[in-house]
Amino acid sequence: MKKPASSIVKESFALVLIGLFIYLFIFIDFGDLQIDAPKAFLNLNTIFLSIVLEAIPFILLGVFVSALIQSFVSEEMIQRFLPKNAIIALFPAALLGIIFPVCECAIVPIVRRLIKKGMPLHVGIVFLVAAPILNPVVFASTYYAFQSSKEIVYGRMGLAFVVSILVGFAVYLLFKNRDQLKWTREELAGRSAEAESVKGVNKFKETLYHASDEFFEMGKYLILGAFIASVFQTFLDRSLLAELGSSDFLSPAIMMAFAYILSLCSEADAFVAASFGGTFTAGSLLAFLVYGPMVDLKNTIMLFAFFRVKFVAAFIGIVTAAVYVSVIVYQQFIL
């Protein structure tokens with residue numbers, strides 16, 4: 001599998017920049033520099049870097065899993081393990097998150113690759129929304145953050161499972177597994193010849209090639225999403241949120257919007273949610289904890305990059321409605 005010369009040049013340049021950044025970060029002391037900049041700008045810079053640095057390890061995890069799927073998982077293998085019934089297939093897809101502890105940053109390239117390999121669209125979408133929450137790491141962090149409110153911990157897991165099934169079912173009804181991915185010209189040209197192109201190629205090299213391609217492709221959308229999220233975090237007046245936090249019907253919507261803007265990693269968002277415990281209702285905290293890992297600013301940018309626009313708009317609408325209605329029902333009859 002040969003890579004175009006232009007791709008090699010761009011990747012080499014990117015690696016040089018990353019190496020320069022690491023060198024400056026480790027060996028150069030910026031403590032004596034006096035930067036005369038507005039406080040809001042410095043705050044924006046700090047938030048932007050924290051989002052990027054928090055997300056990069058998970059992006060790396062996601063692209064390597066995606067590359068392994070590309071190299072070692074065949075379409076026949078996926079078809080063999082998936083239940084034939086479209087509705088029954090939703091349930092094991094929701095539980096895959098227990099096996100694959102990935103956050104919303106890493107899940108997009110994995111699901112994209114699985115769908116390219118033949119996984120039905122609605123099954124991939126269930127995995128997309130369920131895996132960032134229904135995994136042991138997120139359960140542990142939520143349990144630790146809400147030690148005195150176990151109903152939040154189990155409510156988060158239960159609602160995430162229910163919502164993921166509802167979202168997958170709605171996607172199945174609306175799109176009937178029609179292809180919703182964006183394909184590049186090179187990908188379209190190579191789909192029929194993919195089997196021949198990988199024969200005789202070292203699987204380890206192939207995995208590295210796919211991982212590097214995915215990383216640089218995903219990275220640019222991560223940076224854009226992180227920047228937009230940091231702008232909102234810097235200039236959003238959070239006192240408005242506190243004024244609206246006591247309404248059973250309005251506060252879940254407010255916290256869902258807040259989760260979308262903050263774009264927190266699902267492994268860490270429980271600690272932020274816990275800080276709002278004295279201001280917002282338990283239902284609104286659940287809305288924050290369920291909605292954010294399913295849809296936020298940074299993964300919206302990624303979704304628009306790799307899926308068709310109409311599909312992404314419909315997907316966001318479905319997830320928003322499913323989370324809001326589920327939370328309202330849950331807090332009226334269970335909490």
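This short presentation covers a surface patch, a covered helix and a helix pair.

Please note that the model is predicted: local features need pLDDT of at least 70, side-chain atom pairs count only at pLDDT 80 or more, and totals for chains, interfaces and linings use all residues. Residues are numbered from 1 along each chain as its sequence is written, and side-chain values use heavy atoms, with hydrogens and water left out.

I begin with helix α6, residues 121-130, where helices are DSSP runs of H or I with at least four residues, numbered from the N terminus. Of its 10 residues, 10 are buried, that is, under 20% relative accessible area with a 1.4 Å probe and protein chains only. Among them are His122, Gly124 and Phe127. The buried residues of α6 pack against α4, α5, α8, α15, α16 and α17, contact being heavy atoms within 4.5 Å.

Two of these partners, α16 and α17, have axes that come within 8 Å and cross at roughly 145°. Axes are lines fitted to C-alpha atoms over the stretch in contact, and angles run from 0 to 180 degrees between N-to-C directions. From α16, Thr300, Leu303 and Phe304 meet Val309, Val312, Phe315 and Ile316 of α17.

I turn now to the surface. Leu60, Phe64, Phe204 and Leu208 form a nonpolar patch with about 370 Å² of accessible area together. α2 and α11 each give two or more residues to the patch. Accessible areas come from the Shrake-Rupley method with a 1.4 Å probe. Patch residues have over 30% relative accessible area and no salt bridge (a side-chain nitrogen of Lys or Arg within 4 Å of a carboxyl oxygen of Asp or Glu), and nonpolar side chains are joined within 5 Å, like charges within 9 Å. Phe64, in helix α2, has a relative accessible area of 37%.

Methods:
Buried means under 20% relative accessible area, exposed over 50%, partly exposed in between (1.4 Å probe, protein chains only).
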